[in-house]
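Reader: Hi! Could you walk me through the charged pairs in this one? I'd like to go a few at a time.

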Amino acid sequence: MSSKEGSGGFRKRKHDNFPHNQRREGKDVNSSSPVMLAFKSFQQELDARHDKYERLVKLSRDITVESKRTIFLLHRITSAPDMEEILTESEVKLDGVRQKILQVAQELSGEDMHQFHRAITTVFIYF
């Protein structure tokens, strides 16, 4: 064991020496400066893009789950006596999938789809 690791086996990180809620040199930041305003604007833009990406990932997962459920429901048609009921239920599930695909399209309207392709790529595997 090296002398840096100590008895616990873990090295202490450099930032652990600083108090968490204090500024290092006590400098006050002017929040109305043009640079800070530009950073705030950029932060809001990145937050909005990240939120949209997360919504698209969630919709993509929902589409995948509902598609698989519909597929497994349709697999039961051969062994179930009530074929019409299963077909009706599967149509309702597919309408839900269509609505989620419409939500994805609405999220992507006016956007460069290539920025969000990783969030929705799995959707196109099933359709």
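Author: Happy to. One definition to start with: helices here are DSSP runs of H or I, at least four residues long, numbered from the N terminus. Please keep in mind that this is a predicted model.

Reader: Thanks! How many salt bridges does the structure hold?

Author: There are seven salt bridges in the structure.

Reader: Let's take one inside a helix. Which residue does E66 form a salt bridge with?

Author: The partner of E66 is R69, and their closest N and O atoms are 3.0 Å apart. Both residues lie in helix α1, three residues apart, which is about one turn of the helix.

Reader: Nice. Is R69 buried or exposed?

Author: In between: R69 is partly exposed, at a relative accessible area of 46%.

Reader: And which residues are joined into one network by salt bridges that share partners?

Author: That network is made up of K58, D62 and K100.

Reader: Let's zoom in there. What is the N to O distance for K100 and D62?

Author: The side chains of K100 and D62 meet in a salt bridge at 3.9 Å, N to O. This pair links distant parts of the chain, with K100 in helix α2 and D62 in helix α1, 38 residues apart.

Reader: How accessible are those two, K100 and D62?

Author: K100 is partly exposed, with a relative accessible area of 23%. D62 also counts as partly exposed, at 21% relative accessibility. The cut-off for buried is under 20%, so D62 falls in the partly exposed class.

Reader: OK, changing pairs. What about R55 and E107, how do their side chains meet?

Author: They meet in a salt bridge, 2.9 Å from N to O. R55 lies in helix α1 (residues 34-75) and E107 in helix α2 (residues 83-108), so this pair ties together parts that are 52 residues apart in sequence.

Reader: Is E107 buried or exposed?

Author: E107 is buried, with a relative accessible area of 17%. R55, in turn, is partly exposed at 39%.

Reader: Last topic, a loop residue. Where does E111 lie?

Author: E111 lies in the loop between α2 and α3, the latter being residues 117-120. E111 is partly exposed, with a relative accessible area of 33%.

Reader: And which residues does E111 touch, not counting those up to four places away in sequence?

Author: With those neighbours set aside, E111 touches K52 and F116.

Reader: Great, thanks for the tour!

Conventions:
Residues numbered from 1 in each chain as written. Predicted model: local features only at pLDDT ≥ 70, side-chain atom pairs only at ≥ 80, totals over all residues. Heavy atoms only, no water. Salt bridge = Lys/Arg side-chain N within 4 Å of Asp/Glu carboxyl O. Helix = DSSP H or I, 4+ residues; strand = E, 2+ residues; numbered from the N terminus. Buried < 20%, exposed > 50% of the residue type's maximum accessible area, 1.4 Å probe, protein only. Contact = heavy atoms within 4.5 Å.
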